[in-house]
Each structure stands twice: as C-alpha cells, then as structure tokens.
Amino acid sequence: MQSLEAFRNEVRIWLEANCPAEMRLPTRGEEDICWGGRRWVFQSDAQRLWLTRMVERGWTVPTWPKEFGGGGLAHEEEKVLREEMGRIGARLPLESFGISMLGPALLRFGNEAQKRDYLPPIARGEIRWCQGYSEPNAGSDLASLQTRAVDHGDHFLVSGQKVWTSYADKADWIFCLVRSDADAPKHRGISFIMIDMTSPGVSTRPIQLISGKSPFCATFFDDVRVPKQNLVGEINKGWDVAKYLLTHERESIGLGPTALGKRSLVDEAVRAIGRGADGRLADPFLRADIARTEVDAWALALTVDRFRSEAEFGHGLGARSAVLKYCGTELNKRCYELMMVAAGISGLEWEDARNKDGALAREWLRSKGNTIEGGTSEVMLNIIAKTILGLPGA
Amino acid sequence: MLMLTPEQVQLADSARGLLDERAPISQFRRLRDARDAVGFDRDLWRTMADMGWAGVLVAEPYGGVDFGFVGAGLLCEQMARRLVASPFLSTAVVAATALRWGGSSAQKSRWLPAIAAGEAIVALAVDEGRKHDPAATALTAIPGGNGYRLAGEKVLVIDGHVADAFVVAVRTAGRPGDLDGLTLFLIESGSPGLNVDRTVVVDSRNVARLRFGNVPVDGAAVLGEVDRGANLLEVILNAGRVGVAAELLGVTAEAFERTIAFLKERHQFGRPIGSFQALQHRAAHLYCEIEMLRSAVLAACQALDADPWTAGPLASMAKAKAAAVARLSVSEALQMHGGMGMTDDVDIGLFMKRARAGAELYGDANFHADRVARHRGF
C-alpha cells in the first residue's frame, strides 16, 4: 500500500482536476443532492459529470470492494479522501440508502448473486432504494411489525403497511422487514426482503411534517408478488440484518453532519445579534449557551474520531453507536434551538422570500425528529444501560 | 490518532496495580484524619519516582523518562481514582513544564534532575483572588538592590506547604488586568520575608497560602522573560489545566463505576434499583458524558505533546468539559447512593469534594468556556 501522504497527494491532484467548480459550492438544500435512480434528472451537467467521474474511481462507495463498484480503500484512505473533499468543499457525488444501508447489509448478509446484481447499480447511482422498517403500530417496538410475507412456493405474497419510508415515491426498490412466521416469537419470525417498487400492489402516499413538505411516505403492499431470491440472509433471520443495519443507521446519524456542520451556530448568532464593544457576542446569555454547546460539540467530534480509531483497531463500535446517535442528535436539537433564539422574530417568518421561506424554522422543526428516527433517545439509553452498563432488566 | 498506544495502556495498567496495592483510599483518609503535616506518603512518592512518574515530563538528559502528557494524564487519572495524595500534579506536571519551557540552563540543571528523582517539590503560585484570573496578578515586584522585592499574596498554592521552591507569577509592569507586564520567578522556600501557611480545603488537597513581605529576588531567579511571562505562564497553566482535567476524569469515572456497582447490588421494592428506568437513563446519559470527557482529555494531552504553545483552546475545552461532567457525575453518584452517599463512611462524598476543588483549580467551566468562545471568535 502506498503511503497515506502519497495517496493524499494523488487524491488532491485528482480532485483538483476532476471536481467541477459548481460541485464545490455549498449545497443550498435538498435540490442540490444527487440521489440517483432510474427517474433521476440531473440538476446540471456538472452534477452528472461529477457523478460519472467519481463512479469511475469507485469513490461513490470508497470502501466497497472494487469488484462491486467500490474504490477498495482502507478506512484511513477513505478518511483522507473525505478530508480532501472537505478541504475544497466538494459535494458528495451521490447519496442514497443503497450506499448507507442496503449495501452494507448485502456485503455482510447477501449471497454472491445478490452482491453481483445489486451492489454495482447502487455504486453507479442507477437504482434508488428506500427502507421499509417502521409501521403504524411498530415504532420503538419495531420487532412487533405485522407486514406479512406468505410463502407461495417460489415467491412470497406481501401485504401490509410501512411508514416513514423516505423517498418511497421516488425510489426504484425497497428493502423491507416482513413477518414470515406469524407463530414464532416476534424476533424470530422476521425476514429481510427486497421488493421492486414497480411491482403490482405497491403504492405510496406522502406524509406532511410539522416542518412542511417532507420526503416521508406511507407505503402500502397489497398481495405483492416477491420472488424468493429477493430474500437476504436466511428466512426468519431478518432481525439479525435489521439489528446490524439499525446499528449502521445510528452510526451514520451519529457520525453524520450536525447543525454545526450544516450551518455554523456561531456565524448565525454573530450575524443575527452582532458584537459588543469588546468583540464578544452582544447577548451574554446566548453567548454562554453557545460557548457551552461549542465545548460539547467539540468533545463529541473528538469522540467520533476516537471511536472510529478504536473501532478500526478491533474494538468494534457495537453499542457505542447508540452513544453517538444519542449525543449527536440531542446536540443537533440544542444547536437549532439556539439558532432560533439568535434569529428571534425574523426566524418566525414562514412564507417570505427574504427569509428563504422559513428555512431555518423548518430545519429547527425537522431536527426534532432526529431523536426519534433510527431509534429514540430513550431506546438508545436503554441500549447503553443494558448492553454497556449491564444494568438489570425490569 | 485519538487512541492510546500499547505502551500507554501498559503505563495505566501498571499505575493501577501499584496504586491498588500501595494507595487505597483508606490511606488518604488516614492522612486527612490525622492532619498529617506532610500530607502525603513520602515512601510512596519515592516509589513513584523510581518508576519514572516524577520525571514523566522531564527530558532524558535531566534524568526523566519523557513519556509525554498522554502518559502524565493517565497517571493523573489513575491517582485521582484512588484520591492519592502526592506532589505529582504540582511538581511532575506543572513545575516540570515551567522549567522545561522557561528555565535557564542553570535552573534546569538545578531543578529538573531533582524533580525527576522525586527529591524536589516545586509549586506554582498564581492565583490571588476569589477566582482564577492570571491577568489580575497584583503581587508586585519593586526594583531595588540587585533585583526586586516581592510584595503580595498567593492562594491555592498546591503543595505549597512542603515545596522546596515556587514558580511565582509577579507583576513587574502594567496594572492588574493586563497580560503584559507579568514575570515568572523561581524562588526557593525559606527566602526571607516569605511566609507559607498551610490551608485546609474542602477536598483535603494539600494547599498553602503564601505571603510575600518584600522578599528579595535577583535577576537569576527570573523564569523566562521579564514583563513577557504571560505566554510561558499560559503553557504552564495549560499543563496544569489538562492535568486537572485528567484528574477530574479519574474522579468522575471512579464515582460512576462505584455507582453502577451500587445500582446492581442495592435492592428496594424487591428488586435491584438499577432495574428502574428512571435511574438507568440517568446512568446511561452520564456514561455518554464521560466518554466525551475521555476524548477531550486525550485530545488535549496529545495537543500538549504536539505543541504546548498552541494547545490552549483544546486545554480549555477539556477543562470546561471536565468541570461540567465531574459536577454531574458526583451529584448523580451521591443522589443514587441515597442516604448512604451523605455519610462520611462511604467514599462518594470524597469524590464530590475533589470534583468541586478540581473544577475551580486553574479556571472553572465558565472561565474556560469563555476562552473557547474567544478562540472561536465570538
């Protein structure tokens, strides 16, 4: 393996030559993110070019094996790539639940044919995936899910309803947890299957959130025919896949961009409030709150680094993902509360071009979901109490 | 890379082994209850010096092992877990840093080998008022004779009652509130006019109050540069701050682990109290906070090792976080121990006292949050 510094140099030169200028501007919102998929319409030539070039390097999924469209990078190399992209402000060429969720599940639980058939289209941004986990009556108690898959020889017939299926109306395929054995104890009758969204009997309906329009949908299955080769892992062992993916999801939420990454709390506050004669933020109470938040955000960022380092050296992340998920999302909510305080009266304006149609207020409201989705803070604390601290059950 | 090396893990393990054997908390209690004049076990300190701890930050030519701040932080953490009374923080961390970065070659040769051998105790005297505020230094140097005469007072001088020498922050120019005009002096105890009063403080840490009644010092006693001591003082204080943050991590982690054990064994309503979700969630939250603190302390130690002159922001972040997490940790520990936590028989109260004193030492959470804010530009 070449040295990391040589790799960094190579990456830097390549990015300089290949990342279009437009793709180095900060994303203004949802519309600037490239999700890929059959129905994807590129927002610009630059977006298309950037994706194409990154796909050629395998850098849409830097750590996946090359044979499945990845870059085959080690974690340190991936970190270098991320740092170098961050240095020039390069946007991610592609985001998708295929990359963040299904891919890791297939790499671990999928058979060779599934890896060969499903991973490369994810890496190339050709197929867009959504996730079917939660149901109206299965939230924190996910394992009580009731969408059923009935065995019909070479296929299942799937019926039921999923909720919080982000982008289900735009996705090509969905990966789902279904009940394949109604008589088994709840964790042992669940299977993990992949369903083509164009199958007859699949329908979706959007969900409006307190923040306004949202990518969330409810997804309905009415006797949908699903070939048996779409089963990932063993029948009735889907909970293992689910647990693995939930851990993974928590990590990406916990490790993902916080408000401090997306907006700068300090910048927003200084812009809104101004400085006193001594250069300090003019509102001393808000300044103190922000300072404490900055201390906590810094300590969290270092913890992400430390957990990553220790995980790479064989300690594993495991239940620690619950720590990152809990701390990251709680901190994010705290940041948005402070930004709303800083924005004050102008932050209340909801339908006004001057105020970007209440963009901050909408993000603030949306952040409230962070400590619910992917496992509530309370579930995270349960996991920590039981798994890490070994406290007894009730 | 933000993780310990195998050598560092080994250092922490061997420290734990020695302290479990030689310095149980009962020893600290004995020293406290007997109002021991020295306030620590000199034999134990000699053993620590033999193991290289006293010279952990002293370069090899001066007899040290030069293991760096990550190593020093691990030792602080382990000692704090047993509330070990020793001159480690004052001498091996703070004074060793002062001499290393500010000492003349004569000062280094005179003091560093003695520090590394565990033979000399050197204490930092910086604070004067109610709160930590180096810029407010008012202890004055009046030029006279071959040098100066020092007049004023210092408080919260750790290990001052047994120190062989003091590193003293002195105002040689400007007025209280200015960072310019500070000079550090290295003054031997027993200097005429220097009065040392041992102070008993809430956590039974070894502390003294110093009174300088026109103490004569000459130019050779200056540590670093005249009137421009603020940067050196900042490095010295940051070493102390990170050392204390590491101590607070030890206090916090120990109080937490004892509390978790208690939650598992204490039964009420016919079940272990640790089975109640109301306590589980608070314990889990605390666990998260301690993990954050551990990262902060390690990063600050690494920053001091990389470049002590630029480690200020990380040192402040770590100290601010340490003070806040320690306060939460000991409060929760005491509450969860119930009535037993209020008794002197149970050790939890000792950790609470240590956490309060540690929070105050070299700047409290507000002092350091303010510095983080200024570093961030707001």
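The exercises below, each with a worked solution, concern a predicted model and look mainly at chain B.

**Exercise 1.** Describe the overall build of chain B, beginning with its secondary structure and ending with how its contacts are spread along the sequence.

*Solution.* Begin by counting the elements: the secondary structure of chain B comes to 11 helices and 10 strands. Next, compare the radius of gyration, which is 21 Å, with the 21 Å that the globule rule gives for 378 residues; the two are close, so chain B is as compact as a globular protein of that length. Then look at the extent of the C-alpha trace, which along its principal axes spans about 80 × 50 × 40 Å. As a further step, consider burial, for which 55% of the 378 residues of chain B count as buried. Finally, take the contacts in chain B between residues at least 6 apart in sequence, and note that 74% of these join residues at least 24 apart.

**Exercise 2.** Determine how helices α7 and α8 of chain B are arranged relative to one another, and what kinds of residues form their contact.

*Solution.* First locate the two helices, α7(B) at residues 230-265 and α8(B) at residues 277-306, whose axes come within 10 Å and cross at roughly 155°. Since angles over 145 degrees count as roughly antiparallel, that crossing makes α7(B) roughly antiparallel to α8(B). The handedness comes next, and the crossing of α7(B) and α8(B) is left-handed. Now turn to the residues that meet: α7(B) contributes, among them, Val242(B), Leu249(B), Phe256(B) and Ile260(B), while α8(B) contributes residues including Leu286(B), Ile290(B), Arg294(B) and Val297(B). Sorted by kind, the residues of this contact divide into 18 nonpolar, two polar and one charged.

**Exercise 3.** Work out which helices of chain B supply the side that touches chain A, and which of them gives the most.

*Solution.* Start with the size of the contact, in which 34 residues of chain B are in contact with 34 residues of chain A. On the chain B side, α7, α8, α9 (312-336) and α11 (365-376) each supply at least two residues. Of the elements of chain B, α8(B) gives the most to this side, with 15 residues. To finish, classify the residues of the side of chain B that touches chain A, which divide into 21 nonpolar, eight polar and five charged.

**Exercise 4.** Name the buried residues of helix α8 of chain A, and describe the residue just after this helix.

*Solution.* Within α8(A), which covers residues 265-273, the residues Leu265(A), Val266(A), Glu268(A), Ala269(A) and Val270(A) are buried. Moving just past the helix, one arrives at Gly274(A), which takes a positive phi of about 85°.

Technical notes: Residues are numbered from 1 along each chain as its sequence is written. Chains are lettered from A and ligands numbered from 1 in the order in which they are written. This is a predicted model: local features need pLDDT of at least 70, side-chain atom pairs count only at pLDDT 80 or more; totals for chains, interfaces and linings use all residues. Axes are lines fitted to C-alpha atoms, for helices over the stretch in contact, and angles run from 0 to 180 degrees between N-to-C directions. Helices (H or I, at least four residues) and strands (E, at least two) are DSSP runs, numbered from the N terminus. Angles under 35 degrees count as roughly parallel, over 145 as roughly antiparallel, 65 to 115 as roughly perpendicular and the rest as oblique. A crossing is left-handed if the near helix is turned anticlockwise from the far one by less than a right angle, and right-handed if clockwise. Two residues are in contact if their C-beta atoms, placed from the backbone, lie within 7 Å. Ala, Val, Leu, Ile, Met, Phe, Trp, Tyr, Cys and Pro count as nonpolar, Asp, Glu, Lys and Arg as charged, and the others, Gly among them, as polar. The radius of gyration is taken over C-alpha atoms; the globule rule is 2.2 Å times the number of residues to the power 0.38. A residue is buried if 20 or more other C-beta atoms lie within 10 Å of its own, exposed if 12 or fewer, and partly exposed in between; C-beta atoms are placed from the backbone.
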